[in-house]
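Me: I would like a close look at a single part of this model, taken residue by residue. Please keep the answer connected and plain.

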Amino acid sequence: LVEAVKKINNDDAGMALVHKYESLPENERPAFLPLLSGFKRPVFRAFYERILGESRNPAVRLQCVKGIAEVGDASSIPVLEALKANEANEDVKRAAERAIAKLRG
């Protein structure tokens, strides 16, 4: 599914992956997120931001921060700044700092 969506590379195809993620059991979700690497569609920015705010799992939050940086939309900076200010996990906090720097260019 992921490879097919990469070839199609439009928002509808991206939504198929978002729905796939949401259909997975909670314990399988962290392993699925790295498969989304490289997608720069706007649908993924909103997805990553939403999951970032919902997840208690630092591995999931870390993958979302990396995904936001890959999408490359500077409108995510306030979300990352809020995360950095409130995040307990140091790896996630450092990733947010790197993502902010990347998005600021």
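How many aromatic pairs does the structure hold? Please start there and follow the contacts outward.

Reply: This is a predicted model, and the structure holds four aromatic pairs. One of them joins Phe 44 and Tyr 48, with ring centres 6.3 Å apart and an angle of 40° between the planes. That pair is classed as tilted, because tilted covers plane angles that are neither under 30 degrees nor over 60. Both residues belong to helix α4, which runs over residues 42–54. They are four residues apart there, so about one helical turn separates them. Phe 44 is buried, with a relative accessible area of 0%. Tyr 48 has 2% relative accessibility and therefore counts as buried, since the limit for buried is under 20%. The ring of Tyr 48 also pairs with that of Phe 47: the centres are 5.5 Å apart and the planes stand at 50°, so this pair is tilted. Phe 47 is buried, as is Tyr 48.

The ring pairs extend to a cluster made up of Tyr 21, Phe 32, Phe 44, Phe 47 and Tyr 48. Tyr 21 has a further partner, Arg 29, whose charged end sits over the Tyr 21 ring at 5.0 Å from the ring centre. Arg 29 is found in helix α3. With 17% relative accessibility, Arg 29 counts as buried. Setting aside residues up to four places away in sequence, Arg 29 touches Tyr 21, Glu 22, Ser 23 and Leu 24.

Tyr 21 leads to helix α2, where it is one of the buried residues, along with Ala 13, Gly 14, Leu 17 and Val 18. These residues cover an arc of only 150° around the axis, which means that they lie on the same side of α2. The exposed residues Asp 12 and Ser 23 are carried on the face of α2 turned away from its buried side. As for length, the 13 residues of α2 should span 18 Å at 1.5 Å a residue, and the end C-alpha atoms are 18 Å apart, which agrees.

Back in helix α4, Glu 49 is another residue to follow. Apart from neighbours within four places in sequence, Glu 49 is in contact with Ile 68, Ser 75, Ser 76 and Val 79. With Ser 76 there is a polar contact of 2.6 Å between the two side chains. The C-alpha atoms of Glu 49 and Ser 76 are separated by 7.7 Å, although the residues are 27 apart along the chain.

Ile 68, one of the contacts of Glu 49, is among the buried residues of α5. The others in that list are Val 60, Arg 61, Leu 62, Cys 64, Val 65, Gly 67, Ala 69 and Val 71. What covers the buried residues of α5 includes α2 and α4, as well as α3 (29–32), α6 (77–86) and α7 (90–104). Helix α5 has 14 residues, 58–71, and at 1.5 Å a residue should span 20 Å; its end C-alpha atoms are 20 Å apart, so the two values agree. At its start, a side-chain oxygen of Asn 57 comes to within 2.8 Å of the backbone nitrogen of Ala 59. Just after α5, Gly 72 takes a positive phi of about 80°.

Definitions and conventions: Residues are numbered from 1 along each chain as its sequence is written. This is a predicted model: local features need pLDDT of at least 70, side-chain atom pairs count only at pLDDT 80 or more; totals for chains, interfaces and linings use all residues. Side-chain values use heavy atoms; hydrogens and water are left out. Rings of Phe, Tyr and Trp (its six-membered ring) pair if their centres lie within 6.5 Å; planes under 30 degrees apart count as stacked, over 60 as edge-to-face and the rest as tilted. Helices (H or I, at least four residues) and strands (E, at least two) are DSSP runs, numbered from the N terminus. Buried means under 20% relative accessible area, exposed over 50%, partly exposed in between (1.4 Å probe, protein chains only). A charge sits over a ring if NZ of Lys or CZ of Arg is within 6 Å of the ring centre and within 35 degrees of the ring normal. Contact means heavy atoms within 4.5 Å. A polar contact is a pair of N or O atoms within 3.5 Å; within protein, one must be able to donate a hydrogen and the other to accept it, and residues adjacent in sequence count only if both atoms are side-chain atoms. The expected span of a helix is 1.5 Å times one less than its number of residues. The arc is that of the directions from the helix axis to the C-beta atoms.
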